[in-house]
Amino acid sequence: MVATQIGIQCNGQFVNDSSLANGFDRPEWYAVYTNARHEKRVTEYLGGRSVQCYLPSYKSVRRWQDRRKEIELPLFPGYVFVRIAYRSRLQVLTAPGVVQIVSFDGKPAPITEAEIETLRQGLSDTAGFEPHPYLKVGKRVRVRSGPLSGMEGILVRRKDGFRLVLSIELIMRSVATEVDEADVEPVN
């Protein structure tokens, strides 16, 4: 009887099948893209199947003509974070409302434990989190409110505050000003 080894050869080295399995068995955090407004259902479904889920949320007051109500909404609409081993990804992908696991180059992209913990810590310490359009330095933005409402400019800095360069093309002059992050939105 001949003993055979199961594995693959990588850079001249034989990689044992069991060492490959360890990477597939180690639970890591992944972002899961869901159908629109299915985040809570996906979290409840996966939680009922013993999958560790995290759905960051915030409270928002909605106004109707006859009343006001505080509701809880997902901080990242369309996304739920799950902690699974790579090999058990089908358990998540077959859940109703799940579209896909966020991937790069065809492979699910894990999120570090530190990033999830920082997010949890920030949400527990601060009550002021709410979603905001992603703003990138060098992109065109519009001021939504305040004395500069309606003006468009280019976002120059984000670190200590939002510095916005507003240009008046007719006279070919620009001014720079600090604006509040909540008063700015990206221009499409």
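How much accessible surface does the chain have, and what share of it belongs to carbon and sulfur atoms? The total comes to about 13500 Å², and 51% of that belongs to carbon and sulfur atoms. Keep in mind as you look around that this is a predicted model.

**The whole chain**

Start with a cartoon view. You should find four helices and 16 strands. Of the 188 residues, 26% count as buried. Now think about contacts with a separation of 6 or more: residues 24 or more positions apart account for 54% of them.

**Into the cores**

Next, select L46, V51, V82, I84 and V92. These residues have the most contacts inside the largest nonpolar core, which has 14 residues. Colour β3 (27-34), α2, β7 and β8 (98-101), since each of these elements supplies at least two residues of this core. Which element gives the most? That is β7, with three residues. In soluble globular proteins, nonpolar side chains tend to be buried together.

Stay with I84 for a moment and show what surrounds it. Beyond its neighbours within four places in sequence, I84 is in contact with R26, P27, E28, Y30, V51, R89, V92 and I101. There is also a second, separate core of 10 residues, so add A31, L75, F81 and L119, which are among its members.

**A stop on helix α2**

Select T43, which lies in helix α2 (residues 39-48). Is T43 buried or exposed? Its relative accessible area is 19%, and because buried means under 20%, T43 counts as buried. Leaving out neighbours within four places in sequence, its contacts are C53, L55 and V80.

**Strand β6 and P74**

Move on to P74 in strand β6. P74 is buried as well, at 13% relative accessibility. Show the residues it touches, not counting those up to four places away in sequence: E39, L55, P56, S57, Y58 and P131. L55 turns up here and also among the contacts of T43. While you are at P74, draw a distance to K59: the two are 15 residues apart along the chain, and their C-alpha atoms are separated by 8.9 Å.

**Out to the surface**

Finish at F76, in the loop between β6 (68-74) and β7 (79-85). With a relative accessible area of 34%, F76 is partly exposed. Which residues join F76 in a nonpolar surface patch? Add Y33, Y79 and V99 to your selection: together with F76 they make a patch of about 330 Å².

Note on methods
Residues numbered from 1 in each chain as written. Predicted model: local features only at pLDDT ≥ 70, side-chain atom pairs only at ≥ 80, totals over all residues. Heavy atoms only, no water. Buried < 20%, exposed > 50% of the residue type's maximum accessible area, 1.4 Å probe, protein only. Contact = heavy atoms within 4.5 Å. Patch = residues over 30% accessible without salt bridge, like charges linked within 9 Å, V, L, I, M, F, W, Y side chains within 5 Å. Areas by Shrake-Rupley, 256 points an atom, 1.4 Å probe, with all protein chains shown as cover. Salt bridge = Lys/Arg side-chain N within 4 Å of Asp/Glu carboxyl O. Core = buried A, V, L, I, M, F, W, Y, C linked by side-chain atoms within 4.5 Å.
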